[in-house]
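Reader: I should like to study this protein model step by step. Could the discussion proceed from one topic to the next?

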Amino acid sequence: MISIPVPGHNVQNPGPALPAGAASVDTVNSQLARVQKGYRLEGSVKVWSDFLRIHLHPRSVSVIHQYNHDGEAHRLETFGQGEALLQGPVLEELEDKLHFFVEECDYLQGFQVFCDLADGFAGLGSKVTEMLQDSYGGRGILTWGLVPVSHPDTTPMKELYHVLNCALGTVSMAANSSLFCPLTLRGGLGRRPSCPIAFPHLNYNPSLWYHSSSVLALALDALTLPYRLKDSAPMWQMADTLAASGRKVVAAYGAMPFPMMHGASLPDALGDCADALPWKPLSACPEPGDGRCYSQLVTLKGFEGQKLISSLAPGTQPATPLHNLHSGEDVLESYIRSFYPRSPLALQLVPTPSALTPPFPQIFSHFLTPQGFLQSQPLPPGSQAVSLAPVMTSLQSGPAVGLWMSELHRGSSAVDIRRSAPSFLSQGPEMADYKDTLEELRQLGHCYRDDTMCCSSSEDNDD
């Protein structure tokens, strides 16, 4: 499996695996662990590489010299700019480095692509996924489109660009990927989104990419787990399960951390969430709450040391039906089916929690133990920081995804781009191609209407 970040707003790794025998790396990590209680990076980090802990391979980095990361000039702002980049020396360098890592693989599952969706990297990511599809079409290609909650120094015109990039990027990367999932803590991808997503036990600053990227990284640690485990199903199989009938865009949801009292059982924790699922939207796609879902993959990790089933004394009346079940899988399945009674469901339970080592920000509630479990009293000042976290995530394909794409289509097609933002198309795509892509987005949204197969017909003229 190869991960290809196309970085703008990227995600940090909550606990990366380190090469065996790397003494110098271990020394650095030991030093980081010793200062875990005191580090505060909120005022010093500006871009993702400032808090990237992974030691990158020299052949895994390609620098784009034509554009600046910040400043007013030479910004990679539009989809067409990104598309135009992947040619000539840039394309040759990427192919050369990619072939190097492919040849190093004993078994190539496929590719993970992490790509900024709101700026010109959406165009570059679209070309990268197209290249992967042409060269490695038999492998899995899982693409994650990342959108920050906010951009510094934004303007109404830049916000329009963000919407257009998201629309074009979603269509192109979904077409060339086995599965495409947008990831964001925004309340929506339109120009006037609702409030950022709030989590009951996180105190994060949505305007800091350092914070928002860490929350998404924690979610990704669970979302990607089903194909990273030893002897797990391959990436393409997971994608095929979720992308039934050609619905290749999915939505992510997550509970970070999963709310479980220290010393409680899984039935206790889920029983406390009987009225509403514990997770929050991670794709700007709220759940409709009507039980409709075409397919779903739920992952729960980090319950190490906790009980998966209830230990009832003989003759004791169970508090809920969940307390009467005899395995963790049965408990979780019964709980999810109380909200989605008829949808296909796959489960993954892993006891190991996510490791939160420096520079992961200290954004957790004082009511969490260092192992990430809830307790009734707050920890005193100076206590050990949260270093482990239980996480529950869900990947879903359902009608809510269609509503999300219909909203994105309305937001991008409501503007006469030739009058409002003529410079957006200065480096492509052509106007006819632009209109065709918006039409594809509309049709893709229609695929998520109940029992509708993805097709190329245009029988519906409007959303």
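**Rings, strands and cores**

Author: The model is a predicted one. In it, the charged end of Arg59 lies over the ring of Phe100, at 4.3 Å from the ring centre.

Reader: Over the ring of which residue does the charged end of Arg247 sit?

Author: A charge over a ring occurs here with an arginine and a tyrosine. The charged end of Arg247 is 3.9 Å from the centre of the ring in question, which belongs to Tyr294.

Reader: Is Phe100 buried or exposed, or does it count as partly exposed?

Author: Buried means under 20% relative accessible area and exposed means over 50%. Phe100 has 22% relative accessibility, so it falls in between. Phe100 therefore counts as partly exposed.

Reader: How are the rings of Phe100 and Phe101 arranged as a pair?

Author: A search of the whole structure gives 6 aromatic pairs. For Phe100 and Phe101, the ring centres are 5.1 Å apart and the planes stand at 80°. Planes over 60 degrees apart count as edge-to-face. The pair is therefore edge-to-face.

Reader: In what order do the strands of the open sheet follow one another?

Author: The open sheet is formed by 5 strands, and its pairing is mixed. β6 (280–281) and β8 stand at the edges with a single partner strand each, so one side of each has no neighbour in the sheet. The order is β6-β5-β11-β7-β8.

Reader: In which sense does β7 pair with β11, and in which with β8?

Author: Strand β7 covers residues 295–301. With β11 (residues 391–397) it has 7 bridges, and Leu297 stands opposite Leu395 there. With β8 (residues 345–350) β7 has 6 bridges, and Gln296 has Leu345 as its bridge partner. The sense is antiparallel with β11 and parallel with β8.

Reader: Which residue of β8 is the bridge partner of Leu300, and what is the handedness of the β-α-β unit?

Author: The bridge partner of Leu300 in β8 is Leu349. β7, helix α9 (residues 328–337) and β8 together make a β-α-β unit. That unit is right-handed.

Reader: How many residues of β7 are buried?

Author: Ser295, Leu297, Thr299 and Lys301 point one way from the strand, while Gln296, Val298 and Leu300 point the other way. Residues of both groups are buried. The count for β7 is 7 of its 7 residues.

Reader: Which helix gives the most residues to the largest nonpolar core?

Author: In soluble globular proteins, nonpolar side chains tend to be buried together. The largest nonpolar core here has 81 residues, and Leu132, Val249, Leu270, Met392 and Phe424 touch the most other members. With 10 residues, the helix that gives the most to this core is α5 (residues 156–176).

Reader: Which residues of β7 are in contact with Met392?

Author: Neighbours within four places in sequence are left aside. The contacts of Met392 then include Tyr253, Phe258, Leu270 and Trp279. Strand β7 spans residues 295–301, and from that range the contacts of Met392 are Val298, Thr299 and Leu300.

Reader: Is His74 buried or exposed?

Author: His74 is located in the loop between α1 (23–34) and α2 (79–85). Apart from neighbours within four places in sequence, His74 is in contact with Gln66, Tyr67 and Asn68. At 55% relative accessibility, above the cut-off of 50%, His74 counts as exposed.

Methods: Residues numbered from 1 in each chain as written. Predicted model: local features only at pLDDT ≥ 70, side-chain atom pairs only at ≥ 80, totals over all residues. Heavy atoms only, no water. Buried < 20%, exposed > 50% of the residue type's maximum accessible area, 1.4 Å probe, protein only. Helix = DSSP H or I, 4+ residues; strand = E, 2+ residues; numbered from the N terminus. Pairing = 2+ DSSP bridges. Right-handed = clockwise from strand over helix to strand, strands pointing away. Core = buried A, V, L, I, M, F, W, Y, C linked by side-chain atoms within 4.5 Å. Contact = heavy atoms within 4.5 Å. Phe/Tyr/Trp six-rings, centres within 6.5 Å; stacked < 30°, edge-to-face > 60°. Lys NZ or Arg CZ within 6 Å of the ring centre and 35° of its normal.
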